[in-house]
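Work through the exercises below with the sequence and structure at hand. Each task is followed by a solution in steps.

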Amino acid sequence: MSLRIGCIADDFTGGTDVAAAFRRAGLRTALVFGAPGPDTPLPADCDAAVIALKSRSTPAGEAVADSLAAQRWLWGHGAAQVYFKYCSTFDSTPRGNIGPVTDALLDAAGASLTLHCPASPPNGRTVYRGHLFVHDQLLSDSPLRHHPLNPMTDSALVRLLSAQTSHPVALIDWRTIQQGTDAVRQALLAHQHAGVRHVIADALTDDDLAVLGAAALELPLVAGAAGLAEGLGRAYPATTHHTPEPLPHEGRAAVLAGSCSARTLEQIAQFYAAGLPSLHLDVLAAAAGRDVAGEALNWYENQDPALPVLVYASASPEELAAVQAQLGVAEAAAQVEDLLGSLAVRLVGRGVRRLLVAGGETSGAVTTALNIDTVLVGDEADPGVPWTHATTQAGDLALMLKSGNFGAPDLFVRALHTTTEPK
Ligand code: ADP
């Protein structure tokens, strides 16, 4: 079987998010970390594959080259349609990368038009009359206007995208979406005849995104956030194969946390409050040469194997500032990522078969250390936080990669401390 749809995500966390969306739509979905090579494996019978790149804020030329290589790999695995996933807050600058990457992917596909919609209604991102809202505020009035890399000071998507492409950009507004799939298809054709290359669509609800998905099914390239990907996924005819993702239930369970985000700190506090074994890693001691990872392994060996354990470097803002002041930001992060990466390898070598990793960068460090480049996406524990199935040298692994602010405060306890087996 070959892929029905392929996806290029412009960052790692976005990759997990969109992979979970395809899986919710009923597609068996693989997630590939980083640019795939000719030998990168793809699990059998996948309907969708998501390649998670780091192309959101790299120079536009690099983002274009990486995205084109990913598109070729997806085509090589049979994907007739490619989805370009970017952030639901349209993170970009006048130099890109949304415009240049979409133009390059369109050129390579020989296609003349694409549909864009960054709406993500469950997260409060909606598009009306071409303006992007974050809950009750225009994007340009929201905290995103102060984003360190991509400050969003305009909410008008046609204008924002027009600054990033030399081709015409136009809108299909909500009244047309309300008239249904055929009306949207007609509007797309009319724009195509008028020479428009990028069509932005309004969407207020998941139903709107389902209408857009059905109307865009024949387009070689579609672009937006996870919401439109789910709408598109739902428009594909149901698959006949229902191979369940083989998640291992046995073996020990552990959380490795390197995120210092507020939500992760709450999740750590709830794990501790539930009386489950937790260990804080002393980053300064590790930097001074103490065998902090070895000590953590000894601690792990002495815990009740029936209980999940938590090992964390995560720190409060004050503690983080103190460590960074002493080591420098980059060296502190390198120490933590090195510690958690090597611990992941040693824990899996000692029987951990369910592993939850908290932190975007931390997840990258752990998957790299474990030499995992592809996972199969399973059920979500919380929105955008799926279990995945990975294969490592030591054996099969149920792996959950969570970006810092994702998941409910009880996620660690709920996901790992179960008497029943995960589905
Ligand atoms: P998030 O998804 O919350 O942004 P990340 O893992 O992407 O989490 O980023 C957290 C960063 O903080 C990582 O680079 C990690 O190495 C660093 N970090 C974590 N704990 C500490 C600590 N105690 N001291 C210094 N840096 C830390």
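**Exercise 1. State how many salt bridges a search of the whole structure finds, then describe the one between Glu380 and Arg24.**

Solution.
- The search of this predicted model finds 19 salt bridges.
- In one of them the side chains of Glu380 and Arg24 meet, with 2.6 Å from N to O.
- Glu380 belongs to strand 16 (residues 374–382) and Arg24 to helix 1 (residues 12–24), so this pair ties together parts that lie 356 residues apart in sequence.
- To class the two residues, use the range between 20% and 50% relative accessible area, which counts as partly exposed. Glu380, at 28%, is partly exposed. Arg24, at 34%, is partly exposed too.

**Exercise 2. Locate the partners of the salt bridge between Asp107 and Arg197, and decide whether Arg197 is buried or exposed.**

Solution.
- The closest N and O atoms of Asp107 and Arg197 are 2.5 Å apart.
- Asp107 sits in helix 3 (residues 98–109), while Arg197 sits in the loop between helix 6 (181–193) and strand 10 (198–201); the pair therefore ties together parts 90 residues apart in sequence.
- Buried means under 20% relative accessible area. Arg197 has 7% and counts as buried.

**Exercise 3. Find which helix holds both Arg234 and Glu230, and class the accessibility of each residue.**

Solution.
- Arg234 and Glu230 form a salt bridge whose closest N and O atoms are 2.6 Å apart.
- Both residues lie in helix 8 (residues 226–235), at a spacing of four residues, or about one turn of the helix.
- Arg234 is partly exposed at 48% relative accessible area, whereas Glu230 is buried at 14%.
- Elsewhere, salt bridges with shared partners join Asp10, Asp11, Arg56 and Asp91 into one network.

**Exercise 4. Describe the chain as a whole: its secondary structure, its compactness, its burial and its charges.**

Solution.
- Secondary structure: the chain has 15 helices and 18 strands.
- Compactness: the radius of gyration is 22 Å, close to the 22 Å that the globule rule gives for 423 residues, so the chain is as compact as a globular protein of that length.
- Extent: the C-alpha trace spans about 70 × 50 × 35 Å along its principal axes.
- Burial: of the 423 residues, 56% are buried.
- Contacts: among those with a separation of 6 or more, 74% come from residues 24 or more positions apart.
- Surface: about 17000 Å² is exposed, with 53% of it supplied by carbon and sulfur atoms.
- Charges: there are 27 positive and 43 negative charges, and their mean positions are 2 Å apart.

Terms used. Residues are numbered from 1 along each chain as its sequence is written. This is a predicted model: local features need pLDDT of at least 70, side-chain atom pairs count only at pLDDT 80 or more; totals for chains, interfaces and linings use all residues. Side-chain values use heavy atoms; hydrogens and water are left out. Helices (H or I, at least four residues) and strands (E, at least two) are DSSP runs, numbered from the N terminus. The radius of gyration is taken over C-alpha atoms; the globule rule is 2.2 Å times the number of residues to the power 0.38. Buried means under 20% relative accessible area, exposed over 50%, partly exposed in between (1.4 Å probe, protein chains only). Contact means heavy atoms within 4.5 Å. Accessible areas come from the Shrake-Rupley method with a 1.4 Å probe; for residues, only the protein chains shown count as cover. Lys and Arg count as positive and Asp and Glu as negative; His and the chain ends are not counted. The place of a charge is taken as NZ of Lys, CZ of Arg, CG of Asp or CD of Glu. A salt bridge is a side-chain nitrogen of Lys or Arg within 4 Å of a carboxyl oxygen of Asp or Glu.
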